[in-house]
Amino acid sequence: MSPGGPARGGGGRAGGRDLTSGPIARTLILFALPTMGSSVLQSLNASINAVWIGRFLGPTALAATTNASLVMFLLFAAVFGFGMAATILIGQAFGRRDIDGARRVFGTALGLFLIFGLVITAAGWLAADRLLDLLRTPADAHGLADLYLRVILLSVPASFVTVLITMALRGAGDAMTPLIFMGLTVVLDVVLNPVLILGLGPVPALGIAGSALATVIANLVGLAALVVTIRARDLPIRLTGAAWRYLRPDPAILKLLLAKGVPMGLQMLVVSVSVLMMVFLINAQGVATIAAFGAANQLWTYIQMPAMAVGAAVSAVAAQNLGAGQWARVEQTMRAGIAINIVMTGLVVLCVVLAERPLLGLFLAYGGAALDIATHVNRIVAWSWILFGITAVMSATVRANGAVMVPLLILTVALMPVRFGFALAFGPALGADAIWWSFPVGSAVSVVLTALYYRFGGWRSGGMAGAPARPPVGAASKIPGNIPGKITG
């Protein structure tokens, strides 16, 4: 096949995986495990860095990185939706055996991400101090948070491109390559953190700025190695020769990425803003509670991993099967995903609750108030992530067919008027516990509303870049397999 040339038919899957055949549950598990491994490595990296900072620089520095990391999450939310939209389009193209179509999507998205990365880095630098003020970052942590944030912002362009490449590979059915290079990035970051924080050997001690710089260096090296490997292994999303022209945005693809990516990005933005709103309440409780939340949040990150991995697997499998017109497998994928999530997330929650005090003690000193607070908080919130996983699976399924507005609305209702509203309304009666109980309350509302939409909503009648549209439940038998689709906004 010539560079950039079309590839249709049963072959042409080097470096990817056909997700349109084989046992559903086995396919999901084999796809989800490497994805979860990538998440474990990423979170382990953040946790080890938190240990370095907490032990070497103290609770104030840990509180500073907690606030700065929330700002970074907010910035990534601005483009994450476009990556999700690109993943779905790439997956559907692979389901149709259209390699050239997948490269067109990837090229357009890559050009978009490069621009966004540079713009957001500049905007973040200009707004860093104000964003930290809006969070009510404590005065004793503000200076450290500002320094950490400004250094780590330098990694944004490389991180954006890495995220896009990772999501594109998963859309192509390749979950192993992202795992390998996440491992490389984590090893570099973990090794460089103490060296740059403490100034080991000839390296000067940089304190909290050293931790951020370690992340910047690790991300740049990891991205460079990933790009070299994609070209060397001739992976399906590579852009070589004439295919480099795909970096010039295709108007139809760009329109679809914007139409579907903006609502999906807004979902991440809603999550980010809701977390910032909760942190606004938590910061009012003092440094001990902030540090406790930061430590507990480290555990919650691990608890969420099975749900996020299964959700990503469901999205990739559903997208490819939508591209192939196999609606029966889409429904089976959703059901299997929920069952797998309940088992996997439930086991992780059980393990975390049984070992919560030693685990939290990795981040917080024994005998301090923060450890007691963190233990109390974790016992209230941990189990609610099982509900989160169920919502993630159903949402991933409907989004794979381009239904993005209703999931956005459901998420907004669950996190804003429900969760934040509960924390405010019951604060006088429950005190700080109102903040923690608002998490399971919001999760319960979200899963109920999403289930109602999945069962009765009109998401099946949509379509997205070649995916065969399907009428509402009851008319499925009239849909022929693998019919031409259409691009819908």
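Here is a short chat between two people about the predicted model above.

Colleague: Before we dig in, what does the chain average in pLDDT?
Modeller: This is a predicted model, where local features need pLDDT of at least 70, side-chain atom pairs count only at pLDDT 80 or more, and totals for chains, interfaces and linings use all residues. Residues are numbered from 1 along each chain as its sequence is written, and side-chain values use heavy atoms, with hydrogens and water left out. On pLDDT (the predictor's confidence in each residue, from 0 to 100), 90% of the residues score at least 70. The chain average is 82.

Colleague: Which helix gives the largest share of the largest nonpolar core?
Modeller: A nonpolar core is a set of buried Ala, Val, Leu, Ile, Met, Phe, Trp, Tyr and Cys residues joined through side-chain atoms within 4.5 Å; buried means under 20% relative accessible area, exposed over 50%, partly exposed in between, with a 1.4 Å probe and protein chains only. The largest one has 103 residues, and Phe 106, Leu 149, Ile 165 and Trp 436 have the most contacts inside it. Helices here are DSSP runs (H or I, at least four residues; strands are E, at least two), numbered from the N terminus. The largest share, 20 residues, comes from helix H2.

Colleague: Where does H14 bend?
Modeller: Helix H14 covers residues 405-425, and its end C-alpha atoms are 28 Å apart, which agrees with the 30 Å that its 21 residues should span at 1.5 Å a residue (the expected span is 1.5 Å times one less than the number of residues). A bend is the angle between axes fitted to the seven residues ending at a residue and the seven starting there. For H14 it is about 25 degrees, with Pro 417 following within four residues, and the place is Val 413.

Colleague: Is Ser 38 buried or exposed?
Modeller: Ser 38 lies in helix H1, residues 24-57. Leaving out residues up to four places away in sequence, it touches Arg 170, Pro 178, Leu 179 and Met 182, where contact means heavy atoms within 4.5 Å. Its relative accessible area is 3%, so Ser 38 is buried.

Colleague: Which residue has a positive phi although it is not a glycine?
Modeller: Most residues other than glycine have a negative phi. The one with a phi of about 65 degrees is found in the loop between H2 and helix H3 (99-134). At 18% relative accessibility it counts as buried. That residue is Arg 97.
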